[in-house]
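Here are a few exercises to work through with the structure open. Try each task before you read its solution.

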Amino acid sequence: MPILVDKLKYGEAYPWPTAADASIGDNDGSLDEDDEEVMFSELRRNLRAFIDAIAQIAPALYDSIMLTTTQAIFKQCNQYGVSAEQATDGGDGGHGQLGWVRAELGLYLTQAYGERLSSNKGLRFSGPKHGQSNGTQPNGSGTSGPSVESLSDLLTMMIQSGVAACQHPAIAPMYFENCVRFNGYFDARQEAVTPVLTSFLGATGVRHPHASVRVRVWYFLHRFVKNLPTSGLAMYSSDFISAVNDLLLISADPSTINSALATGTGYGMFDSQLFLFESCGIMLSPGDLDDTARMSLLQHLFNPLFTGAQRLMNSRSAEQILQDPRSLLQIHHYLTAIGSIVKGFPDVRVDSKTVSINLPHQLSPSTAQVFLKAADMCIAVLEALRDSHLIREAARFTLSRMLSVLGAEALPYLPRLIDSLVSSCAVEELSDLLGFLGLIVFKFKPQVAPTASKLLLPVISKVYGFLDQVAQGGATGTDEIMLLQDLRKAYLTWVVAIFNSDLDGIFLVEQNAPHLVTIFQPIAGQLATDSASPPCQRLAFTALFKAIQAWMVDPMGWHTLTTLTPSMAASLSNPVSSKDSSRVILRQAAAQTLGIGPDNESAREARSQFKQFVLNTVVPACFETPTRPEFSMADAQASLVVSEIAAVLQMTLLAGRPDIAGGDGSSAAAIPLPKLLTPPIGGDLNQNQFAAYLSSVLLPRMGCPTSMATEFVQALASLDQKQFKKYFAAFLTNSSQ
């Protein structure tokens, strides 16, 4: 065991680069790994495997050697210091200056010891937690025992040893990684935060002479302050920002543009600077920080970014700026830095299950005003330079952070943001934008309903514009095919998200209602029948299922669409009824926000047209899709598509019941949720409009005998979804023979 531990050391002649030679080799700022470094890392992994095996057999021996060796290293470091130039120790028997080789070994052994404890039984450091008095035991799983106490003592010795002052490039990354990895230690030992932060902000931390180590430390600093409770950060805020202020100077490197666009590898040093900007935001977020001090520090951070962007915008026309990559990249960096500072603040608290969508944000009024001013500038820049991918990327990032932090107060910026992004975006940007919109409609329902209704047609038109362009000219390569596949999936996911957010009313407002069938025609006629992508097919039928549910079964919004799926039917209870007036349903609240009343003529006409569309297009697609030659019933993903098709057919049959189809929608309020979801459908099938259409018109037109058509309708009405899926699969198999 001692020999194995000794073999974990770096060789004394290991060739480390000098500070002048070191460079940033990748986006996270880690040291470039040459062949020798890779080989040494592999050796360490193999030795660790042997050492861990010994620990399983003889844990007492493992603890004794690991702890004794590590403690001796830190004691020697504390007494005699550590050399960055000498690999070997000075003096004999631990009575001279420590060489960097053994210093790094002590840090590595501390990490290895802690990792093994964490993987075996979890770490729960003893000592008072934030907000707890001494002697109070923290809640939660995990073990606090001699081994964890030993790790805690090792970390204390590591911090007190002064090893962090060593400038050798092997020391700082390992030291600060230990501080981040075992962050629970600082909950128990709050007094240790100050010396570690001092080391972070010192000459061997964020200002380390090796550039590759320096930016790696920036990342660790971000992780460290993010893991600390905000209640203990206020006392460090001013000194922290003063210490890193000169590191926040932004200088765009145009050489990174091509690599960032082509490979997504980022923007060099600036990517690491963003960790510092976000860390500054975290340090300014504590609620107990004096608001006057916070405003002063915020202005100190924001003013150079504001003035820098405004100076570039005012220096030339938008057309001239668009021709200058350096200026565009500099503005991109300014906007992204603003978003990173905002990202350090806590998200607004949201209750997505109630009509009162969000509680007030946790920002002071003055802080909110600064952020709103930043949002104004960001929107103005975007509208002027929307033709630049860099500016669109930066604006989407920054304003998405504004929405997360400011909540509904930032929603007025959404239409201008989407309008500028949609007008000039590429396919991959539109896919990302749809994902962003899905999160927005879910998080800010129902207040986002009016905004979402205005954005609906422009976004859908852009999506179908891309898809039609390919349909006419064909995809030119594998990459384009994949991008369009991602777009289809993102679009359908967004449509489903609208229904799951109970915002189906946005399709029925006056400006959108006339286009309802036009919107869903490509979903039923193209996306649902395209067997090249079963996941997209499944999403397409899910969207149709939700639409039938919303507009043909429960048009008055007595039930939420979020949980109305067959797979969750068994867990639902206490259905909402018309007699339950103590609770306002989200769908009804959204409809009220949109001004869609029970007697809204345009909505009623749109639902009537949609019903005819379901009979003429959706239901035939349910039979056409699984009978196509390219559709394989043996495929697991195709089986999921069949499940969705079965759900669509059963929901349509429920919509055909005379009390639902011929009523005003109020009858749905009395239907318990499980019955609304799964058969037996109930009612007289002879009076069911859809049953009659299916057995007398559609199935015979497809060549199905009358007896088989009648049997199919009876099965559709009497079997639960799982049973009907099996029946439907057998029906399709028999029909194809």
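**Exercise 1: the nonpolar cores**

Find the residues that touch the most other members of the largest nonpolar core, which has 238 residues.

Solution. Keep in mind that this is a predicted model. Step one: pick out Phe371, Tyr491, Phe507, Phe520, Phe623, Leu649 and Phe712, the members of this core that touch the most others. Step two: look at helix 23 (residues 534–553), which supplies the largest share of this core, with 13 residues. Step three: zoom in on Phe520 and skip its neighbours within four places in sequence; what's left in contact with Phe520 is Phe499, Phe507, Ala543, Leu544, Ala547, Trp551, Phe610 and Phe613. Step four: look for a second core, which is separate and has eight residues, among them Phe40, Ala87, Trp100 and Val101.

**Exercise 2: the overall fold**

Work out what the protein chain is built from and how its contacts are spread along the sequence.

Solution. Start by counting elements: the protein chain has 31 helices and two strands. Next, check burial, where 53% of its 737 residues come out as buried. Then take the contacts with a separation of 6 or more: 76% of them are between residues 24 or more positions apart. Finish with the outside: the accessible surface is about 31,200 Å², and carbon and sulfur atoms account for 52% of that.

**Exercise 3: a cysteine pair**

Decide how many disulfides the whole structure has, then check Cys77.

Solution. The search of the whole structure turns up zero disulfides. For Cys77, the nearest cysteine sulfur belongs to Cys166 and lies 8.0 Å away. A disulfide needs the two sulfurs within 2.5 Å, so Cys77 is in none. Turn it around and Cys166 finds Cys77 as its nearest cysteine sulfur, again at 8.0 Å. Now ask about exposure: Cys77 is buried, at a relative accessible area of 2%, and Cys166 is buried too, at 3%.

**Exercise 4: how far to trust it**

Which helix has the lowest confidence in the protein chain, and which has the highest?

Solution. First get the baseline: the mean pLDDT of the protein chain is 83, and 83% of the residues score at least 70. Helix 28 (residues 673–677) is lowest, with a mean of 41, while helix 8 (residues 193–200) is highest, at 96. Then look for weak stretches. Residues 25–32 have pLDDT below 50, yet the model gives them 22 contacts beyond near neighbours in sequence. Residues 565–582 stay under 50 as well, with 27 contacts beyond four places in sequence. Where pLDDT is low, don't read the predicted coordinates in detail.

Key:
Residues numbered from 1 in each chain as written. Predicted model: local features only at pLDDT ≥ 70, side-chain atom pairs only at ≥ 80, totals over all residues. Heavy atoms only, no water. Helix = DSSP H or I, 4+ residues; strand = E, 2+ residues; numbered from the N terminus. Buried < 20%, exposed > 50% of the residue type's maximum accessible area, 1.4 Å probe, protein only. Contact = heavy atoms within 4.5 Å. Areas by Shrake-Rupley, 256 points an atom, 1.4 Å probe, with all protein chains shown as cover. Core = buried A, V, L, I, M, F, W, Y, C linked by side-chain atoms within 4.5 Å. pLDDT = per-residue confidence, 0-100.
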